[in-house]
Each structure stands twice: as C-alpha cells, then as structure tokens.
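I opened a fresh page for this one. Here is what I looked up, in the order I got to it.

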Amino acid sequence: MKRENLLLQERHDLILKQLEADGRVIASVLALDLNVTEDTIRRDLRDLAAAGLCQKVYGGAVRIAAAPESGTLTQRLGREQSGKSRLATAAATLVKPGSVIFLDAGSSNLAITDALPNAPLTVLTNAPSIAARLLDKPHVELIMIGGRIKQGLGGSVGATALREVELLRPDLYFVGACGVDLQAGITAVDFEEAEFKRRLAAHTKATAVVATAAKLGAVASFLVLPIAQLTHLVVEQDTDARLMDAYSAAGARLLRAQ
C-alpha cells in the first residue's frame, strides 16, 4: 500500500524499519511504496548512510554489520547458546575424519569445537579460547597460530599470524563473518582481520561460514570473500526459503540447522 505526504523523519523511520526486517532496501521499490521519486529515496539513503545507520549499495542500501560484541568468546557464546549450538552441530557435519580444519576467532566457531566428530582431526586456530576448548580432546592435533592477540577479536591477525598462514593448506576453513550479503559478500569490521581471512581463504580447499539471522543481509566495512567464492553457508532453520535459493544461485552450498 502506497503512503503519501510523509515527513522526512517518517520516511527515514519506515526505511530503517524495513532494513531491520529484511536486511536491505531497494530504492525503486521504496519510491513506489512511499510515493516519492527515486531521487528523494537516494537522498534519504545518503542521509541515513552518513549517520551510520545503513550502507549504500547499487540500487539501494543494506543493514550495517554490528561491531563484535563485548566480552570474551566464551561470554559471547552464552548469549545465543541454543541457536549457535544448533548451527554448530550442522557445521560439524562438514568435517571429515582425518581432515585439517581451521577455526578462526568467533563465538559461532567456538561452538563448533563442542560439536566436532570424535575422530582423528588436525585443528588450526588463531584463537586461544578455541584452543583451550580442544586441549582435553586426545583425538585432536592442535596447532596454534601465534603473535599478538587482538583482544577485541579474540585472536591473532597481525604480521606473525599472516606469515604463518602462508605455510597452511587446510581442507576446510570456518570463516568467522561479521556480515553475509549477496552483493557485498562475506565482510569483517576490522581491516587486519579481513586481510588475515582473505589470505587464509586463498590457501584452503573449502570455506564455510556459520551465519546467524543477524548476520544475513548485514555488511561490514572490509571484504573477505564474494559469495561465489564461499563453499558452504550454514544458516538457521527458519531462514526464508527464497533467501536460501538466492545464496545457492550465487554459488554457496546451503546447509540448514535442525
């Protein structure tokens, strides 16, 4: 239903409400719905982007990925524990006995440590919290990537870590993502973290991302991978089927949590 004679703030509120619900807005559709010109909508989106409330993309705008939550990885895991546990269980089915996997810093990846198969594995990680979870698993050969720990991220992503990444060739890399968007791809909020992830992804046979609903449609500042270069995307059970089809068409193999 078209809306007429809306004030500027009313338009902005409606645009933000749609961004929160859908993760993205399309300028041409908004113009029809709000009964204004596309130029007006483009100005609205520029204003909202300048205020840090969305990120403009070609033809519209997308929701901005949230900065990493405060607290340690273990504390962050506890905030959505049941949902992340279900996603982790689905993600762990991608891990083959005897394989070499990389788990980088992130609460979703931390949850995967508890769901890994009880079979011989080599696990590489740059996150001390993840390494600590694996110390009492005798079937896991654990290799830490070193260097200075960036506390806000919970892992090493600096020069030392980048040098060590050059020696790695994992079978599967679980990429911690801040945003997952069809057009913008897999993104991160930290420049060094994004570079670390790009380097590692270039050396791995397969990549996987575990995406909570909050991350789908969100965009952070720094590109890690286009969706076409992602091997697997693990999503929540109630993810919209049309959205899943769109990610599949973009090249990712979809896996839904149960």
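Before the strands, a rule for pairing: two strands pair if DSSP finds at least two bridges between them. Helices (H or I, at least four residues) and strands (E, at least two) are DSSP runs, numbered from the N terminus.

I'm working on a predicted model, where local features need pLDDT of at least 70, side-chain atom pairs count only at pLDDT 80 or more, and totals for chains, interfaces and linings use all residues. Residues are numbered from 1 along each chain as its sequence is written, and side-chain values use heavy atoms, with hydrogens and water left out.

**Entry 1: strand S15.** I looked up the neighbours of S15 (residues 232–235). S12 (residues 207–211) runs parallel to S15, with four bridges, and there His232 is the bridge partner of Ala208. S16 (residues 253–256) is also paired with S15 in the parallel sense, again over four bridges; here His232 has Arg253 as its partner.

**Entry 2: side chains of S15.** Which way do they point? His232 and Val234 go one way, Leu233 and Val235 the other, and all are buried (under 20% relative accessible area, 1.4 Å probe, protein chains only).

**Entry 3: the start of the chain.** UniProt, in an unreviewed entry, puts "domain: HTH deoR-type" at residues 8–63. I found 64% helix and 18% strand over residues 8–63, with the end C-alpha atoms 20 Å apart.

**Entry 4: between domains.** Domain 1 (8–63) and domain 2 (73–256), with bounds from an automatic or database domain assignment, both give residues to the lining of the second largest pocket, so the pocket lies between them.

How values were computed
UniProt positions renumbered as here; feature names shortened; annotations may be inferred. Buried < 20%, exposed > 50% of the residue type's maximum accessible area, 1.4 Å probe, protein only.
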